[in-house]
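Me: I am new to this structure and would like to go through it by question and answer. Please keep the replies plain.

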Amino acid sequence: MKILVATEKPFATVAINSIKEVIAESGNELILLGKGSKDDFIKAVADVDGLIVRSDVVDTAILDAAKQLKVIVRAGAGVDSIDLDGAKKRGICVMNTPGQNSNAVAELVFGMVLMMVRNQFNGTSGSEIKGKKLGIHAYGQVGKNVARIAKGFGMEVSALDPFVKDEDMIADGITPLHNVEELYQNNQFVSLHIPATNETRNSIGEDLVKLMPKNGVLINTARKEIINEDSLIKALREREDIRYISDIKPNKAEEMQKEFGTRVFFTPKKMGAQTAEANINAGIAAAKQTIAFLKDGWNKFQVNK
Ligand code: 3PG
């Protein structure tokens, strides 16, 4: 059977080589599509049985063209770029590869935090994160890795996640919180790990950010869509001590950089999962999951049941 790997943001070469090996060993045929036009994607997907993507958009046009498609595996966590219902209607299983790139994202959180509290390493006096309070907004795979690293730094960690039991957070040595206001009120650092869904889009704005203690730092390695940008701008305007770090430029990046200078930092392109290790982990997991589904319907991580 044919498996298309269509990733606009390329996997590291070492990951691609491993994916090639895994697919060749399974007796399936690999088709690789790097950065190209939507038409290229539409043509390439026409006769494949499996599709592996990163945050590439899989919409009606792609699904309509994919006449043979049985499974889509997102090499990563977020499935907001895939039309899940459209896939379901067509009998296509969609899976992600939970946890495979989460350490990479969590490490970037601290890379960006240290850069911010040390004033972009510009030679001036900054501050430390030891002993400071970090609140984790959603305690999934990335949130757990963030907590682990934060404890190494000597931070006091708490988290809000209605889907995780208190005892599981306590076992990890962190404090469970039960309302969102408390999360922002209690923590100088808040790290966002909520997915982009109809409920969460535009959900983070001034009402929460303004609750943060003095010198609050909001860190977003989740999705830009969860931020209400106009409302965040208002908060940054009214609270001159607050800073915002985001792994991907907001839509209003230029306006924000002009007005807030070094109080904001944005990566030019989403790069949380852009490490060789994360590419290998997520890429191989995606290849194995695709093969297992095509062979005997294995669907442990299906997200569109
Ligand atoms: C994810 O959802 O897994 C991360 O945001 C990484 O996305 P990417 O594979 O597009 O870098």
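Me: Which residues is threonine 221 in contact with, leaving aside its neighbours within four places in sequence?
Reply: In this predicted model, threonine 221 sits in the loop between strand E10 (217-220) and H10. It counts as buried, because its relative accessibility is 5% and the cut-off for buried is under 20%. Leaving aside neighbours within four places in sequence, its contacts are Val105, Val109, Met112, Leu192, His193, Asp247 and Lys270.

Me: In what order do the 7 strands of the open sheet lie?
Reply: The pairing in this open sheet is parallel. Its edge strands, each pairing on one side only, are strand E8 (175-177) and E12. Neighbouring strands are turned by 20° against each other on average, direction ignored. The order of the 7 strands is E8-E7-E6-E9-E10-E11-E12.

Me: Which residue in E7 does histidine 137 stand opposite?
Reply: E6 and strand E7 (residues 156-160) pair in the parallel sense, over 5 bridges. Strand E6 spans 133-137. The residue in E7 that stands opposite histidine 137 is leucine 160.

Me: What angle does the direction of H5 make with that of E11?
Reply: Helix H5 covers residues 102-117. It packs on the sheet and touches E6, strand E9 (189-192), E10, E11 and E12. The direction of H5 makes an angle with that of E11 of about 145°.

Me: Which buried residues does helix H11 have, and why are they on the same side of H11?
Reply: Helix H11 takes in residues 253-260. Its buried residues cover an arc of only 70° around the axis, which puts them on the same side of H11. What covers them includes helix H10 (229-238), strand E11 (243-246) and strand E12 (264-266). The buried residues are Ala253, Met256 and Phe260.

Me: Which exposed residues does the face of H11 turned away from its buried side carry?
Reply: H11 lies across E11 and E12, and runs at about 145° to E12. On the face turned away from its buried side, the exposed residues are Glu254 and Lys258.

Me: What phi does glycine 261 take?
Reply: Glycine 261 comes just after H11. Its phi is positive, with a value of about 55°.

Me: Is glutamine 120 partly exposed or buried, and what is its relative accessible area?
Reply: Most residues other than glycine have a negative phi. Glutamine 120 has a positive phi of about 55° although it is not a glycine. It lies in the loop between helix H5 (102-117) and strand E6 (133-137). Glutamine 120 is partly exposed, and its relative accessible area is 26%.

Me: Does phenylalanine 121 count as buried or exposed?
Reply: Phenylalanine 121 is also placed in the loop between H5 and E6. It is not a glycine, yet it has a positive phi of about 55°. Its relative accessibility is 59% and the cut-off is over 50%, so phenylalanine 121 counts as exposed.

Me: How many residues line the second largest pocket, and which of them lie nearest its centre?
Reply: The second largest pocket holds about 360 Å³ of space. The largest share of its lining, 3 residues, comes from helix H2 (residues 38-45). The lining has 17 residues, and those nearest the centre are Thr7, Glu8, Lys9, Asp56 and Val57.

Definitions and conventions: Residues numbered from 1 in each chain as written. Predicted model: local features only at pLDDT ≥ 70, side-chain atom pairs only at ≥ 80, totals over all residues. Heavy atoms only, no water. Buried < 20%, exposed > 50% of the residue type's maximum accessible area, 1.4 Å probe, protein only. Helix = DSSP H or I, 4+ residues; strand = E, 2+ residues; numbered from the N terminus. Arc of directions from axis to C-beta. Contact = heavy atoms within 4.5 Å. Pairing = 2+ DSSP bridges. Axes fitted to C-alpha atoms, helices over the stretch in contact; angles between N-to-C directions. 1 Å grid on protein atoms, 1.4 Å probe; cavity = no way out; pocket = protein on both sides within 12 Å on 5 of 7 lines; lining within 4 Å. Points joined across faces, edges and corners; volume = space filled by probe spheres on them.
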